[in-house]
Amino acid sequence: MLTDNNFDMVFDCQKIFKSVMNAMANPGKIFNIKKQSEKLEIKDDVPAAMAMTFMDNRSRLYVEDSEELGTYIKENTLAVKSSVEDADFIFATDIEGAGEYNRKLINCAKVGTLPEPHKSAMLIVGLKQFDGEKALIFKGPGIENCREVKLPEAAVKWMDTREEKNYEFPCGIDIIFYTNQGDIMGIPRTLKVGGID
């Protein structure tokens, strides 16, 4: 049951939905949902706010490293906890997570099928910040020509593993990177990324 009286399940969710859709339609651009998410009384308010917006009792949920977040989402959306292989939404809140950690989650995530590529997993991944030294080149829908995006090393490692997974267009996984400050960046499965090596 919801105990967060300030969070409006209609108006706040509408604003979060619009911000996330804008982020997915404009890969590499940063949008912010902190004004809405901070109304939720949980430490991991940013991923919780996205869960409140997109998940319901038909959603399958996997949270890697926060039992509190997993319980909160389950209680407030009625989503079903599942294995990472069956999850529709996979949450990774460990902002230092990289290497074998992200490889496990991405390699196990479902990518949909050729007839139904939309039946893939969405990964929601926490980062300390978006500023970084490594420049990647984004190409694809929502980008005219190309866009250079500088990301921290942790994000680059996630992107590297993602590229290995998203080899059979249009199948693949979507990623939303977020920070505790409420910044979000969408990485749709259709995005092509260069400059990782």
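Let's start on strand 4, where Phe 89 and Phe 91 point one way while Ile 90 and Ala 92 point the other way, and all of them are buried. Keep in mind that this is a predicted model. The back-and-forth pattern you see there is what you'd expect in general: in a regular strand the side chains alternate between the two faces of the sheet.

What does strand 4 sit beside? On one hand there is strand 2 (residues 60–63), which runs parallel to strand 4 and is joined to it by three bridges. You can spot individual partners here: Leu 61 stands opposite Phe 89, and Val 63 stands opposite Phe 91. On the other hand there is strand 5, which pairs with strand 4 in the parallel sense over four bridges. In that pairing, Ile 90 stands opposite Leu 123.

Now zoom out to the sheet that holds these strands. It is an open sheet of seven strands in the order 1-9-8-5-4-2-3, and its pairing is mixed. Strand 1 (31–32) and strand 3 (80–81) stand at the edges with a single partner strand each, so one side of each has no neighbour in the sheet. As a general reminder, strands of a sheet pair through backbone hydrogen bonds, either parallel or antiparallel.

Helices lie across this sheet too. Helix 1 (residues 11–25) lies across strand 1, strand 5, strand 8 and strand 9, and runs at about 45° to strand 9. Helix 4 (residues 67–77) lies across strand 2, strand 3 and strand 4, and runs at about 165° to strand 2.

There's a second sheet to find. Three strands make up this open one, in the order 7-6-10, and the pairing is antiparallel. Strand 7 and strand 10 (192–194) are the edge strands, each pairing on one side only. From one strand to the next, the twist averages 35°. Strand 6 and strand 10 pair over three bridges in the antiparallel sense, and Phe 138 has Val 193 in strand 10 as its bridge partner. Helix 6 packs on this sheet, touching strand 6, strand 7 and strand 10, and its direction makes about 40° with that of strand 6.

So far we've followed the backbone; next come the side chains. The largest nonpolar core has 32 residues, and those with the most contacts inside it are Ile 90, Leu 105, Leu 123, Phe 138, Leu 151, Trp 158 and Phe 177. Among the elements that give two or more residues to this core are strand 4 (89–92), helix 5 (100–108), strand 5 (122–126) and strand 6 (134–139). Helix 6 gives the most, with five residues. Which residues does Leu 123 touch, leaving aside its neighbours within four places in sequence? Its contacts are Ile 90, Leu 105, Ile 106, Ala 109, Trp 158, Ile 173, Asp 174, Ile 175 and Ile 176. Apart from the largest core lies another, of 29 residues, including Ala 23, Leu 61, Tyr 178 and Ile 184.

Is helix 3 (residues 45–54) enclosed or open? Nine of its 10 residues are buried, so helix 3 is largely enclosed by the rest of the structure. Among the buried ones are Val 46, Pro 47, Met 50 and Met 52.

For a contrast in setting, look at Asp 94, which has its place in the loop between strand 4 and helix 5. Asp 94 counts as partly exposed because its relative accessibility is 34%, and buried would mean under 20%. Not counting residues up to four places away in sequence, Asp 94 touches Asp 65, Tyr 101 and Gly 126. Asp 94 and Val 10 are 84 residues apart in sequence and 29 Å apart in space, going from C-alpha to C-alpha.

Finally, let's look at empty space. In general, rolling a probe the size of a water molecule over the atoms shows where such space is left. Here the largest pocket has a volume of about 350 Å³. It is lined by 17 residues, and Asp 88, Phe 89, His 118, Ser 120 and Met 122 lie nearest its centre. Helix 1, strand 5 and strand 8 each supply at least two residues of the lining, with the largest share, three residues, coming from helix 1. Phe 89 brings us back to strand 4, where we began.

Note on methods: Residues are numbered from 1 along each chain as its sequence is written. This is a predicted model: local features need pLDDT of at least 70, side-chain atom pairs count only at pLDDT 80 or more; totals for chains, interfaces and linings use all residues. Side-chain values use heavy atoms; hydrogens and water are left out. A nonpolar core is a set of buried Ala, Val, Leu, Ile, Met, Phe, Trp, Tyr and Cys residues joined through side-chain atoms within 4.5 Å. Buried means under 20% relative accessible area, exposed over 50%, partly exposed in between (1.4 Å probe, protein chains only). Contact means heavy atoms within 4.5 Å. Two strands pair if DSSP finds at least two bridges between them. Axes are lines fitted to C-alpha atoms, for helices over the stretch in contact, and angles run from 0 to 180 degrees between N-to-C directions. On a 1 Å grid over the protein atoms alone, a cavity is a set of points where a 1.4 Å probe fits but cannot get out, and a pocket is an open set with protein on both sides within 12 Å along at least five of seven lines; lining residues have an atom within 4 Å of a point. Grid points are joined across faces, edges and corners, and a volume is the space filled by probe spheres set on the points.
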